[in-house]
Amino acid sequence: MPSETIGGPLTPDKVPLVTGEEPFGVLFTQAGCAVCHVIPGIPGANGHVGPPLILGTTGTQRLTDPAYGGEARTVHEYIVESVLDPQRFVVQGYPEHTMPTWYGSKLSALALEQIAVYLEQQTAEH
Ligand code: HEC
């Protein structure tokens with residue numbers, strides 16, 4: 001799929017429903033994650049608005065961060081929580097109220113599962 005430039009702020013109407021059956025490249029691009037995040041292995045995912053999604057490395061740091069007050073007990077759960085409720089824990093050095101809060105209505109349960117499975121395995125920026 002050609003990587004489209006998304007003009008203006010990312011709003012729900014610009015994101016089609018993601019079923020989770022897409023290849024990962026399509027999934028992360030269609031959902032708009034690539035605009036704001038570096039995601040290893042995903043061409044065009046070069047955004048620096050949010051942290052690089054290398055949760056295989058950073059996930060345990062988040063869970064053990066004294067400031068972390070969420071409910072996740074595993075990195076997998078942390079990723080799902082971060083997508084559905086980004087305000088629950090705001091990664092230090094990055095802006096709050098920036099990651100969309102409406103992903104719960106755009107991502108199927110399978111899509112969320114796929115996202116978590118992929119991201120929890122990523123350990124390096126490239
Ligand atoms: C408009 C920009 C934007 C988009 C689009 C976006 N994010 Fe984020 N994301 C952020 C920012 C900023 C943060 C850091 C602040 C916070 O924790 O809320 C973040 C944090 C995260 C975290 C926590 C990372 C960590 O290191 O702890 C995960 C996981 C995440 N995003 C996944 C996603 C996924 C998956 C998508 C697509 C479904 C997505 N994001 C779309 C901006 C965005």
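Me: Before we look at the iron site, what makes an arrangement octahedral?
Reply: Six donors count as octahedral if opposite donors are over 155 degrees apart and all others between 65 and 115. Donors are N, O and S atoms within 2.8 Å of the metal (3.2 Å for Na, K and Ca), and water is not among the atoms, so sites may look incomplete. Bear in mind that this is a predicted model, where local features need pLDDT of at least 70 and side-chain atom pairs count only at pLDDT 80 or more, while totals for chains, interfaces and linings use all residues. Residues are numbered from 1 along each chain as its sequence is written, and side-chain values use heavy atoms, with hydrogens and water left out.

Me: Why is the arrangement around the iron atom of the ligand called octahedral?
Reply: Six donor atoms surround this iron, and the angles they subtend run from 87 to 180 degrees, which makes the arrangement octahedral. For reference, ideal angles for six octahedral donors are 90 or 180 degrees.

Me: Which residues coordinate the iron atom?
Reply: His 37, through NE2, and Met 99, through SD, do so at 2.0 to 2.2 Å. His 37 sits in the loop between α2 (33-36) and α3 (55-64), and Met 99 in the loop between α4 (75-84) and α5 (109-119), so the pair ties together parts 62 residues apart in sequence. Helices here are DSSP runs (H or I, at least four residues), numbered from the N terminus.

Me: How do you know whether His 37 is buried or exposed?
Reply: Buried means under 20% relative accessible area, exposed over 50%, and partly exposed in between (1.4 Å probe, protein chains only). His 37 has 11%, so it is buried. Met 99, at 29%, is therefore partly exposed.

Me: And why does Val 91 count as buried?
Reply: Its relative accessibility is 15%, so Val 91 counts as buried. Val 91 belongs to the loop between α4 and α5.

Me: What makes a group of residues a nonpolar core?
Reply: The members are buried Ala, Val, Leu, Ile, Met, Phe, Trp, Tyr and Cys residues joined through side-chain atoms within 4.5 Å. The largest such core has 29 residues, and Phe 28, Ile 39, Leu 107 and Leu 119 touch the most other members. Elements giving two or more residues to this core are α1 (24-30), α2, α4 and α5. The largest share, six residues, comes from α5.

Note on methods: Tetrahedral: all angles 85-135°; square planar, octahedral: opposite > 155°, others 65-115°.
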